[in-house]
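Colleague: I'm new to this structure and would love a close look at one part of it. Could you take the helix that is largely enclosed by the rest of the structure, and then walk me outwards through the strands and helices elsewhere?

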Amino acid sequence: MTITTEDTVDCSAYEVTDSYFGAPYIDVDELRDEPSPHRYIHGGFTGCDTRFAFSYPPSDQWKGRLIQPMEGAHAGHEDFFAGPLGAAMGGLPLTIRAGGYMVETNMGHIGDDIDPKGGEDPTIYGWRAAVESARFSKFVAEQVYGEAPHHAYVWGGSGGGRRSPLVLENGADVFDGALPFMGGGDVAPFPATERIKGAQVMSFACMFNVQRLLRDPATSGRLIDAMQPGGSGNPFEGLDSHSAEELASLYRQGFPLGDEFMLFTPMGQIWLWSSIADLLVEQDPSYFENFWTKPGYVGHDLPTAVQDDLIDVVTTVSRVVTVRDLLTDPAFEAPEYGLMKTMAGLMAGEAGMDMPYAIEVEGLPAGYRLGIGMQLMSGAAAGRQLYAIGNVADLFACDGHGEANLKRFEGVQAGDEIHVSNRKFLAFCYFHRHHIMDDAQFDSLRQAGQPIYAQHPVPLMSPLMGVSYTGQYAGKLLWMHHTHDSSLWPSQGLIYRGAVVAAQGPEAAAEKFRLQWTQNAEHIPPSYLPNSTTRATSTWLIDYFPVIEQGLADLIQWVEEGTAPPNTTFEYVDGQIVLPQSASERGGIQPVIRVSANGGVRAEVGVGEQVELAVDAEVPPGAGTIVSVEWDWDGWATFPFQHEVSGEDTAVSLRTSHAYGSPGTYFVTARVRSQRDGDATEVNRLISNVASARIVVS
């Protein structure tokens, strides 16, 4: 059925439920063809910064649902799911496939800045803006379709996984189900009104410290190699006692074994530091002073651990670099600029190609540069504080809090004076020792219940991250978490389950909560990650977006038909998630896969010698059938060989062989995909997993 805008939406009869928000207004109402035909309505609520965007597909494609995806990080954009990363996550096409119209909101603030009216009230940014926008979308839907949606769902990952449970908890009159993935946060009694305390702050501190201590290419390469298939399995080999101690602490706190490459490829983690660094210093100035001056802190007790990395100088800006410069200037073509360019490209979708994204500062002394503070001392931007989220040689991409996030290096010119100092960041690298929470993640930093190190108050996160979880809600919630997430570690995936049991009891939790683990999934899909020097990222990590879409379909079926999705069986041992080896015992929806080369996870052969390869795969009960099995011979993700499979089997055992024409080390990888309906031609909801073996050819 064709959609039109002939019938103008009348906002006048709508009465806000939440009196914080003024009357709604609509400033755009138009038909759009991309990415598929829909009626696009944009507007906001008067008197505040809350904005919304509604996308209504034709009525013959609408199945009566409201579906609201939640942006990650701090949010702040009501058009994220129309951008490149949001579209990759599914965006409007996923919404239409799920039978919904799409609601987006900026969560009550523009960019990374707070609403002057709302101030630091975290309830606005955590759920109230989303809930009122959804309510209004139902009012509009009645005029567009002639009826309101019969069910409403909210879903999101990372920061969206942080806030989507809050929306379900506090929007019982609006939402029926939530699918958060990769979320985290602390727990408080309902109704929670205080800003969250985030374990991610301490997690990232320890992660950056290990990256700093082990960043020498020989050391980092040895660590990564040890933990890949067929490696030694000993990550501590060759480390001094201090470095080994910090790495062990990292693992015990939950950093996933086997994802060590991401220690040296920081992405969203360093953004969090840039966004909250000023808040941390403001809340706990004594820590950043004590670190350098008092016994009990590494900066004072063990200066050799930090002194060679210290940078604290006043100098001048050499060049301001825009996103366009970074993406088009031949000076930035070298591979080491790849990660920075990826992040800049994503940023361009929000802020434009001409945003002043980075600066060059020549002549800095040797030291640790990631996370370094950069405060403009002269010129139009004097006083602005930024922090390095990416660095190559003398080039620094930076971000900051509030206005600094919106402006970056706007107004900065070559020759402006700048204070470059990493004193705060080096102190932050040991933050985890001195700010422990009650979560099991921090048990290794206690002995007999007592903290090992001097303690400071656990910091509050930005109000834009919302309030604490409560575990109290009326609908259904399917929590999905990743086993190889270096931003929201697997240990974070356990918190909400405990909150639900504590708030509602085991019986209610069994009726209303499910937890599924996605094996070999990172925080960001491999297509957005750089490759290592030895293999492609997609040979050990999977694209998890099809898993999320299947999860959303399962949540809808659970809410509307009563068929509950399965949990994933697991153990939590020394900070790590351990999954059963058989699909029938593991459960969930993802295929389980095992690979061997000459019968083991490592084979040593000569040039031209055939290697016998085996892949065994099975899907959990009710999760569909195996529709494809592919081999990549060398670890570079070309996957040139595909087995013939019927598409009807729930388990396969397949064999092949391959010979290598040149000496070297190769990570042979099998990729298996399953589909709920056994449809090999379906391009959506293809659930994948990978496994590898090491071939050493001499």
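Modeller: Here is a walk that starts at one helix and then visits strands, sheets and a pair of helices. Please keep in mind that this is a predicted model.

Let's begin with helix H17, which covers residues 545-561. With 17 residues at 1.5 Å a residue, H17 should span 24 Å, and its end C-alpha atoms are indeed 24 Å apart, so the expected and the computed lengths agree. Now look at its surroundings. Twelve of the 17 residues of H17 are buried, so the rest of the structure largely encloses this helix. The run from Phe545 through Pro546, Val547, Ile548, Glu549, Gln550 and Gly551 to Leu552 is buried, and Asp554, Leu555, Ile556 and Trp558 complete the list. A useful rule for reading such a list is that an α-helix has 3.6 residues a turn, so residues three or four places apart point the same way. Just after H17 comes Gly562, with a positive phi of about 85°.

Further along the chain is strand S21, residues 592-597. Five of its six residues are buried, so S21 too is largely enclosed by the rest of the structure. Its partner is strand S23 (residues 610-618): the two pair in the antiparallel sense over six bridges. To find the register by eye, place Ile593 opposite Ala617 in S23.

Next comes an open sheet of five strands, in the order S22-S28-S27-S24-S25, with mixed pairing. Strand S22 (602-605) and strand S25 (641-642) are its edges, each pairing on one side only. Inside this sheet, strand S27 (residues 664-675) and strand S28 (residues 686-697) run antiparallel and are joined by twelve bridges. One place to check this is Val672, which stands opposite Asn689 in S28.

A second open sheet has seven strands, ordered S8-S14-S11-S12-S13-S10-S9, and its pairing is antiparallel. Here the edges are strand S8 (312-316) and strand S9 (319-322), each with pairing on one side only. Neighbouring strands of this sheet are turned by 35° against each other on average, direction ignored. Within the sheet, five bridges link strand S12 (residues 385-392) to its antiparallel neighbour, strand S13 (residues 395-399). Tyr387 faces Asp399 of S13 across that pair.

Now turn to lower residue numbers, where strand S7 (residues 177-181) is mostly covered, with five of its five residues buried. Gly177, Leu179 and Phe181 point one way from S7, while Ala178 and Pro180 point the other way, and all are buried. Strand S6 (residues 151-157) pairs with S7 in the parallel sense over five bridges. Val154 has Ala178 in S7 as its bridge partner.

Our last stop is a helix pair. Two packed helices are described by the angle between their axes and the distance between the axes. For helix H3 (residues 122-145) and helix H4 (residues 159-170), the axes come within 9 Å and cross at roughly 60°. That angle makes H3 oblique to H4. The crossing of H3 past H4 is right-handed. On the H3 side, the contact is made by Tyr125, Gly126, Trp127, Ala130 and Val131, and on the H4 side by Arg163, Leu166, Val167 and Asn170.

Key:
Residues numbered from 1 in each chain as written. Predicted model: local features only at pLDDT ≥ 70, side-chain atom pairs only at ≥ 80, totals over all residues. Heavy atoms only, no water. Helix = DSSP H or I, 4+ residues; strand = E, 2+ residues; numbered from the N terminus. Expected span 1.5 Å × (residues − 1). Buried < 20%, exposed > 50% of the residue type's maximum accessible area, 1.4 Å probe, protein only. Pairing = 2+ DSSP bridges. Axes fitted to C-alpha atoms, helices over the stretch in contact; angles between N-to-C directions. Parallel < 35°, antiparallel > 145°, perpendicular 65-115°, else oblique. Left-handed = near helix turned anticlockwise from the far one by under 90°. Contact = heavy atoms within 4.5 Å.
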